[in-house]
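Colleague: Got a minute to walk me through this model? I'd like to start with the packing, then look at pockets and charges.

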Amino acid sequence: MNIETIAIHAGNIVTDSQQPAVMPITLSTTFQHQEESLIYSRANNPNRMALEQVLTQLEYGEDAAAFSSGNAAGMAVFQALEPGSHVIAPDDMYHGLRNQLVSIFKGVLSVSFVDMGNVDAVAAAFLPETALVWIETPSNPLLKIAPIEAIVKVAKSHACKVVCDNTFATPIFQNPLKLGADIVMHSTTKYLGGHSDILGGALVTKQKDAFWGRVKMIQHTGGAVPSPFDCYFLCRSIKTLPYRMKAHAANGKGVAAYLDTHPMVEKVYYPGLRSHLGHQVAAQQMKDFGGMLSFLIKGDAAVADNFVSKLHYFTNATSLGGVESLIERRAASEGPDSLTPPNLIRVSVGLESLEDLLLDMNQAFQ
Ligand SMILES: *Cc1c(COP(=O)(O)O)cnc(C)c1O
């Protein structure tokens with residue numbers, strides 16, 4: 001099956017005698033004891049099985065684990081490591097996961113934050129106890145590109161696991177498992193959900209090995225699992241993911257090109273621009289560049305806030321990946337420890353008419 005067909009048909013398992021075309025929601029938390037039956041909804045339920053099936057196929061993996069948030073998915077990976085392990089993570093890692101490593105896992109795991117665009121810096125960070133390399137590409141909020149294959153090569157020479165946060169690229173534009181990564185992570189809250197109304201996370205593995213066994217044990221014993229409703233709506237959203245992503249990428253390209261020549265803009269961060277630092281690598285490992293971008297407006301935080309407040313179609317809100325365009329001055333969301341420049345504006349380009357979006361930006365710049 002090609003990706004558009006997988007998105008629609010994978011996991012849609014109908015066992016109901018009335019034969020509905022779409023798999024129904026099973027809300028029951030418990031199941032009648034029978035040979036091979038499900039037991040209890042925290043351990044597994046039909047809608048989660050459907051979701052994990054479609055995610056597995058979209059990422060070309062062997063198995064998946066769905067969680068109640070992207071942060072819970074990431075945390076399951078950190079919890080599966082032996083205490084005392086060392087982790088190599090991006091210096092611009094998603095702040096929620098970075099906070100887990102530095103505060104929740106303080107004293108349990110040690111971490112080196114490195115520039116993942118620089119393979120020599122990654123190679124130099126290995127310690128005898130390094131057990132995991134965490135990649136996030138494109139990164140948040142600077143859209144930095146990490147060369148997945150090159151990092152995997154270094155990590156494998158140290159017998160290390162590689163996990164890739166693929167939230168920005170989605171399985172439509174990038175398949176880290178095909179490039180050698182062991183596990184892919186998603187915040188399904190973003191593009192996979194796609195309508196800013198579901199919180200969720202997922203891991204997909206290339207291999208059902210012992211480490212994966214621990215991850216699955218943490219999923220059902222830790223219990224940070226998604227509800228049948230969340231799983232159902234995610235499966236429904238995923239059906240349109242390939243087409244939404246094509247449209248997000250087309251609009252993203254249009255907004256990036258517009259901003260790139262605007263006199264009020266100092267710099268645009270979008271992997272599809274030739275001037276972007278990781279453009280070459282992105283062009284190799286991604287099928288398209290997606291709908292996320294950031295830019296530096298000429299001026300200070302107040303100028304940035306004023307621009308954002310004048311927009312009509314871009315909602316001033318955090319998060320990304322929905323059909324509606326979202327915009328925020330990123331440093332304001334990341335809090336006082338943020339290393340993000342105060343005039344950096346992050347945009348999740350939605351699926352409105354590109355013409356309307358550009359007219360809206362034009363009036364806000366005036
Ligand atoms: C949002 C996000 C997360 C965390 O996911 P939640 O669903 O908010 O817990 C992790 N990584 C990236 C890149 C994200 O954008």
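Colleague: Which residues of the largest nonpolar core touch the most other members?

Modeller: Keep in mind that this is a predicted model. Leu51, Val54, Leu55, Leu58 and Ile238 touch the most other members, in a core of 32 residues.

Colleague: Which element gives the most to this core?

Modeller: H2 does, with 5 residues. Other elements giving two or more include helix H9 (228–238) and helix H10 (241–260).

Colleague: What is Leu51 in contact with, leaving aside its neighbours within four places in sequence?

Modeller: Ala66, Cys231, Leu234, Cys235 and Ile238. Another core lies apart from this one. That one has 29 residues, among them Ala256, Ile297, Val308 and Ile327.

Colleague: Pockets next. What volume does the largest pocket have?

Modeller: About 400 Å³. It has 16 lining residues, and the closest to its centre are Arg98, Glu334, Asp337, Ser338 and Leu339. Helix H4 (residues 95–104) supplies the largest share of the lining, 4 residues.

Colleague: How do the residues of that lining divide?

Modeller: Into 6 nonpolar, 5 polar and 5 charged.

Colleague: And the second largest pocket: how many residues line it?

Modeller: 22 residues. Asn71, Tyr94, Ser187, Lys190 and Ser319 lie nearest its centre. The volume of this second largest pocket is about 330 Å³. Its lining has 6 nonpolar, 11 polar and 5 charged residues. H4 supplies at least two of them, as do helix H3 (70–80), strand E6 (183–187) and helix H13 (330–334).

Colleague: Now charges. How many salt bridges does the count come to?

Modeller: 11. Take Asp209 and Lys161, whose closest N and O atoms are 2.5 Å apart. Asp209 is in the loop between E7 and helix H8 (210–222) and Lys161 is in strand E5, so the bridge ties together parts 48 residues apart in sequence.

Colleague: Is Lys161 buried or exposed?

Modeller: Buried, at 18% relative accessible area. Asp209 counts as partly exposed, at 25%.

Colleague: Which residue forms a salt bridge with Asp305?

Modeller: Arg329, with the closest N and O atoms 2.8 Å apart. Asp305 sits in helix H12 and Arg329 in strand E11, so parts 24 residues apart in sequence are tied together. Arg329 is buried at 15%, while Asp305 is partly exposed at 36%.

Colleague: Which residues are linked in a network of salt bridges?

Modeller: Arg48, Glu52 and Lys216.

Colleague: Last one. Where are Lys144 and Asp91?

Modeller: In loops, 53 residues apart. Lys144 follows strand E4 (130–136), in the loop before helix H6 (148–157). Asp91 is between strand E2 (86–90) and H4. Their side chains meet in a salt bridge, 3.2 Å from N to O.

Note on methods. Residues numbered from 1 in each chain as written. Predicted model: local features only at pLDDT ≥ 70, side-chain atom pairs only at ≥ 80, totals over all residues. Heavy atoms only, no water. 1 Å grid on protein atoms, 1.4 Å probe; cavity = no way out; pocket = protein on both sides within 12 Å on 5 of 7 lines; lining within 4 Å. Points joined across faces, edges and corners; volume = space filled by probe spheres on them. Nonpolar A, V, L, I, M, F, W, Y, C, P; charged D, E, K, R; others polar. Core = buried A, V, L, I, M, F, W, Y, C linked by side-chain atoms within 4.5 Å. Buried < 20%, exposed > 50% of the residue type's maximum accessible area, 1.4 Å probe, protein only. Contact = heavy atoms within 4.5 Å. Salt bridge = Lys/Arg side-chain N within 4 Å of Asp/Glu carboxyl O.
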